[in-house]
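Biologist: I am new to this structure and would like a close look at one part of it. Please pick a starting point and take me from there through its surroundings, explaining your terms as you go.

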Amino acid sequence: MTTPTDPCQSCGLCCTRQSSPPFMPDEMDALPPDLRDGINRYLDSPLFDDNAPCIWLDRTTTRCMHHEHRPGVCRDYPVGGSDCRNTRTSVGLTLEGLPTVSPEDDEL
Ligand code: SF4
Ligand code: SF4
């Protein structure tokens, strides 16, 4: 794991790329039952929208509502990597003053 050089701005944009927490099957099995059932109910419901932000994203605070239970892929997301930075600049967030990321930092 590379130490991030670009701090997270808590914009929540990386959590808009999947409609539900992207758990592996073994991770789903290890979740508290109420959280697992909530995800499964959403996936089976007519409200499911594959293009919507993650259902665990609090759209007011732009924080994960169950941060301590988030999937491994969310834990390992390269903060300050090219995807993170490109996502921010695509909506006009300024990166001015933030340190630049070296190409090796994207190789996680
Ligand atoms: S896109 Fe980057 S800056 Fe925004 S919340 Fe995700 S990791 Fe943080
Ligand atoms: S960090 Fe939380 S809100 Fe963001 S994608 Fe992962 S589970 Fe969803």
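**From one loop residue to the ligand shells**

Modeller: Let us start at Thr62, which is partly exposed because 15 other C-beta atoms lie within 10 Å. (A residue counts as buried with 20 or more other C-beta atoms within 10 Å of its own, as exposed with 12 or fewer, and as partly exposed in between; the C-beta atoms are placed from the backbone.) Please keep in mind that this is a predicted model: local features need pLDDT of at least 70, side-chain atom pairs count only at pLDDT 80 or more, and totals for chains, interfaces and linings use all residues. Residues are numbered from 1 along each chain as its sequence is written, while chains are lettered from A and ligands numbered from 1 in the order in which they are written.

Thr62 sits in the loop between β1 (57–58) and β2 (63–64). Helices (H or I, at least four residues) and strands (E, at least two) are DSSP runs, numbered from the N terminus. The phi of Thr62 is near 55 degrees, a positive value in a residue other than glycine.

Ser10 shares this feature: its phi is positive, about 55 degrees, although Ser10 is not a glycine. You will find Ser10 in the segment before α1 (25–30). Ser10 is exposed, since 9 other C-beta atoms lie within 10 Å. Leaving aside neighbours within four places in sequence, Ser10 is in contact with Thr62 and Arg63, where a contact means that the C-beta atoms of two residues, placed from the backbone, lie within 7 Å. Ser10 and Cys64 are 54 residues apart in sequence, yet 9.8 Å apart in space, C-alpha to C-alpha.

These residues lead us to the ligands. Ser10 is one of the residues around ligand 1, which also include Cys8, Cys11, Cys14, Tyr77, Cys84 and Arg88; to be listed, a residue needs its C-beta atom, placed from the backbone, within 6 Å of the molecule. By class, the shell of ligand 1 has seven nonpolar, four polar and one charged residues. (Ala, Val, Leu, Ile, Met, Phe, Trp, Tyr, Cys and Pro count as nonpolar, Asp, Glu, Lys and Arg as charged, and the others, Gly among them, as polar.)

Cys64 belongs to the surroundings of ligand 2, together with Cys15, Gln18, Pro21, Cys54, Trp56, Leu57, Arg70, Pro71 and Cys74. That shell has eight nonpolar, one polar and one charged residues.

Three members of the second shell deserve a visit. Cys15 is in the segment before α1 and counts as buried because it has 21 C-beta neighbours inside 10 Å. Its contacts, apart from neighbours within four places in sequence, are Pro53, Cys54, Leu57 and Cys64. Cys15 and Asp58 are 43 residues apart along the chain, with 9.8 Å between their C-alpha atoms.

Pro21 is also in the segment before α1, and is buried, with 24 other C-beta atoms within 10 Å. Not counting residues up to four places away in sequence, Pro21 touches Ile39, Cys54, Trp56, Arg70 and Pro71. Its C-alpha atom is 9.9 Å from that of His66, 45 residues away along the chain.

Arg70 lies in the loop between β2 and α3 (72–75) and is partly exposed, with 19 other C-beta atoms within 10 Å. Beyond four places in sequence, Arg70 touches Pro21, Cys64 and Arg75. Between Arg70 and Pro22 there are 8.6 Å, C-alpha to C-alpha, at a sequence distance of 48 residues.

Now step back to the whole chain. Four helices and two strands make up its secondary structure, in the order α-α-β-β-α-α from the N terminus. Of the 108 residues, 8% count as buried. Among contacts with a separation of 6 or more, 76% join residues 24 or more positions apart. Helix α2 (residues 33–44) has twelve residues and reaches 16 Å from first to last C-alpha, close to the expected 16 Å, which is 1.5 Å times one less than the number of residues. None of the twelve residues of α2 is buried, so this helix lies largely in the open.

Finally, confidence: pLDDT is the predictor's confidence in each residue, from 0 to 100. The chain averages 85, and 81% of the residues score at least 70. Among the elements, α2 has the highest mean pLDDT (97) and α4 (residues 82–90) the lowest (89). Over residues 99–108, pLDDT stays under 50.
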